[in-house]
Amino acid sequence: MVFDASITVSFLPVIMFLVIWEGVRRFLLRRTPSLKPTDTRRLVIFSDCVMAIAITLVAAQLELPELKFGKSTVEVITGSAVGHLSSILLIYLVAFLNIGIHWMSHYHMFRSIKRSNAVLAVLNFAFLLCITLLFLPTSASIQYDTVFASRFYYIAQTITASLLVLMWIYAIQKHRLLDESADSARIRRTTGRLVRNLLIFAALAVLAFVVSTPIDILAYFYVYLLVEFVAFAIRRIQRRLERRKLSVAGKGK
């Protein structure tokens, strides 16, 4: 088990309360006309602000060794102090890239999503909750470098990526919340980007439970760059083939 049993049990009453409350709410409001979807401006602005604050809070962890009274700079800036500062800097860079990748996925989603409702807002709020907590598994994985920390990190990332996929799937069903001008090609590209990101995190999370050694926190970025390069090369080849077909068809006419 990833989490301690006492932690899991403590969350069960909260989850049960939320499930019962949602059931009662739906029963009482079953005859009430549903609210029409609204635009996504407030939701997008709020999301951008939360992710910006999350990055700022990670940057706030960076600090130089404290220069105490009566000690020189040489006595304070030791090898261990520099090593600790380097680990904190690595945590910041990794957390910054993680939030940046999730923000890019969120950005591409809301280029097509132009309407919002309560369900989308709740899913987005859960996604932002995961974003603000990403510093914890990132810090634990770098500072402790244990199998538990590695599993914690990749499970947290998988949950965060899966919430984006859930939001997207909910929005594209019957074009429920999509822009009327959103074409199928853009929808396929966004779906592929979100699913690729989720599958990479999920595969590394499964691998973290299979192997007995911690997985490097940078493994995701290596796989991500490789997958994106392959996807880019495939798109370029497909475009060239389409252009060649069009040129051949034009010459035939």
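Student: Among contacts between residues at least 6 apart in sequence, what percentage join residues at least 24 apart?

Tutor: Keep in mind that we're looking at a predicted model. Here we set aside pairs that sit closer than 6 places in the chain and ask how many of the rest reach at least 24 places. The share of those contacts comes to 80%.

Student: Okay, and what pattern does the chain follow along its sequence?

Tutor: The secondary structure comes to nine helices and zero strands. So with a helix at every step, because runs are numbered from the N terminus, you can just read them off in order. The pattern is α-α-α-α-α-α-α-α-α.

Student: Which helix gives the most residues to the largest nonpolar core?

Tutor: That core has 49 residues, and those with the most contacts inside it are Met109, Ile113, Phe127, Tyr154 and Tyr220. The elements giving two or more residues are α2 (41–59), α4 (79–112), α5, α7, α8 (184–210) and α9 (219–252). With 10 residues, the top contributor is α7.

Student: What is the distance between the end C-alpha atoms of helix α7, and how does it fit the expected span?

Tutor: Helix α7 covers residues 147–172, which is 26 residues. The expected span uses one less than the number of residues, at 1.5 Å each, so α7 should span 38 Å. That agrees with the distance between its end C-alpha atoms, 37 Å.

Student: Is Leu164 buried or exposed?

Tutor: Leu164 is found in helix α7. Leaving aside its neighbours within four places in sequence, it is in contact with His102, Ser105, His106, Met109, Phe127 and Leu194. Its relative accessible area is 1%, and the cut-off for burial is under 20%, so Leu164 is buried.

Student: How many Å apart in space are Leu164 and His102?

Tutor: In sequence, Leu164 and His102 are 62 residues apart. Even so, His102 is on the list of residues in contact with Leu164. From C-alpha to C-alpha, the separation is 8.3 Å.

Student: What about Asn124: buried or exposed?

Tutor: Asn124 is found in helix α5, residues 118–133. Leaving aside neighbours within four places in sequence, Asn124 is in contact with Leu43, Ser47, His106, Phe110 and Met167. Its relative accessibility is 2%, so Asn124 counts as buried.

Student: Which residues touch Tyr220, beyond its neighbours within four places in sequence?

Tutor: Tyr220 is one of the residues with the most contacts inside the largest nonpolar core. Its partners, leaving those neighbours aside, are Asn98, Ile101, Tyr154, Asn197, Ile200, Phe201 and Leu204.

Student: Which residue forms a salt bridge with Arg196?

Tutor: The count for the model comes to one salt bridge. Its closest N and O atoms are 3.3 Å apart, and the pair links helix α8 with helix α9, 32 residues along the sequence. At 22% relative accessibility, Arg196 counts as partly exposed. Its partner is Glu228.

Student: Where does Lys174 lie, and what is its phi?

Tutor: Most residues other than glycine have a negative phi. Lys174 goes the other way, with a positive value. It lies in the loop between α7 and α8, and with a relative accessible area of 85% it is exposed. Its phi is near 55°.

Student: And His175: buried, exposed or partly exposed?

Tutor: His175 is found in the loop between α7 and α8, and its phi is positive too, near 55°. Its relative accessible area is 41%, so His175 is partly exposed.

Student: Which residue takes a positive phi just after α6?

Tutor: Helix α6 runs over residues 135–144, and its buried residues are Pro137, Thr138, Ser139, Ala140, Ser141 and Ile142. Just after α6, phi is about 50° at Asp145.

Student: Last one: about how much accessible area do Met16, Ile20, Val24 and Leu28 have together?

Tutor: These four form a nonpolar patch on the surface. Val24 lies in helix α1, residues 5–28, and at 39% relative accessibility it counts as partly exposed. In an α-helix, residues three or four places apart point the same way. Together the patch has about 410 Å².

Notes. Residues numbered from 1 in each chain as written. Predicted model: local features only at pLDDT ≥ 70, side-chain atom pairs only at ≥ 80, totals over all residues. Heavy atoms only, no water. Patch = residues over 30% accessible without salt bridge, like charges linked within 9 Å, V, L, I, M, F, W, Y side chains within 5 Å. Areas by Shrake-Rupley, 256 points an atom, 1.4 Å probe, with all protein chains shown as cover. Salt bridge = Lys/Arg side-chain N within 4 Å of Asp/Glu carboxyl O. Helix = DSSP H or I, 4+ residues; strand = E, 2+ residues; numbered from the N terminus. Buried < 20%, exposed > 50% of the residue type's maximum accessible area, 1.4 Å probe, protein only. Contact = heavy atoms within 4.5 Å. Core = buried A, V, L, I, M, F, W, Y, C linked by side-chain atoms within 4.5 Å.
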